Amino acid sequence: MEGKYFFNGKDITMNVYIQIRDVIDIIMEKYEMSFPDAAYAFYHSKTYKALQNTENTLWAESAGYIADRYFEEGKIVKPE
């Protein structure tokens with residue numbers, strides 16, 4: 001198994017990466033942030049950590065749903 005993310009033995013790496021990209025795009029638009037700042041904020045969130053656990057199938061939800069989970073955290077981490 002060469003991919004990074006698996007679910008039921010299937011490589012879902014591209015699916016997860018696409019979700020991450022789309023969620024970051026939503027964060028950028030909502031908060032008028034640059035890509036690096038939005039990526040930093042998302043990568044330091046509980047939602048991103050949950051997305052890493054492929055068994056919970058959050059990766060299979062829409063990017064909008066995942067972004068909503070992120071927004072519910074209510075904390076935006078910005079780089080210093």
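The buried residues of helix 4 are where I would like to begin, and in this predicted model they pack against helix 1, helix 2 and helix 3, the last of these being residues 46-52. Helix 4 itself covers residues 63-73, and the buried positions in it are Ala63, Ile66, Ala67, Tyr70 and Phe71. If you look down the axis of helix 4, these buried residues fall within an arc of 145°, so they line one face of the helix. As a reminder, an α-helix has 3.6 residues a turn, so residues three or four places apart point the same way. After helix 4 comes Gly74, which has a positive phi, near 70°.

Let me turn to helix 1, residues 13-31, and to Gln19, which lies in it. Is Gln19 buried or exposed? Gln19 has a relative accessible area of 10%, and because the cut-off for buried is under 20%, Gln19 counts as buried. Setting aside the neighbours within four places in sequence, Gln19 is in contact with Trp59, Ala60, Glu61, Ser62, Ala63 and Ile66, and of these Ala63 and Ile66 are among the buried residues of helix 4 that I listed a moment ago.

Finally, there is the pairing of helix 1 with helix 2, residues 35-43, whose axes come within 9 Å and cross at roughly 115°. The two helices are therefore roughly perpendicular to each other, and helix 1 passes helix 2 in a right-handed crossing. On the helix 1 side the residues are Ile20, Val23, Ile24, Ile27 and Met28, and they meet Phe35, Ala38, Ala39, Phe42 and Tyr43 of helix 2. By class, that contact has 10 nonpolar residues, with no polar and no charged ones.

Note on methods. Residues numbered from 1 in each chain as written. Predicted model: local features only at pLDDT ≥ 70, side-chain atom pairs only at ≥ 80, totals over all residues. Heavy atoms only, no water. Helix = DSSP H or I, 4+ residues; strand = E, 2+ residues; numbered from the N terminus. Buried < 20%, exposed > 50% of the residue type's maximum accessible area, 1.4 Å probe, protein only. Contact = heavy atoms within 4.5 Å. Axes fitted to C-alpha atoms, helices over the stretch in contact; angles between N-to-C directions. Parallel < 35°, antiparallel > 145°, perpendicular 65-115°, else oblique. Left-handed = near helix turned anticlockwise from the far one by under 90°. Nonpolar A, V, L, I, M, F, W, Y, C, P; charged D, E, K, R; others polar. Arc of directions from axis to C-beta.
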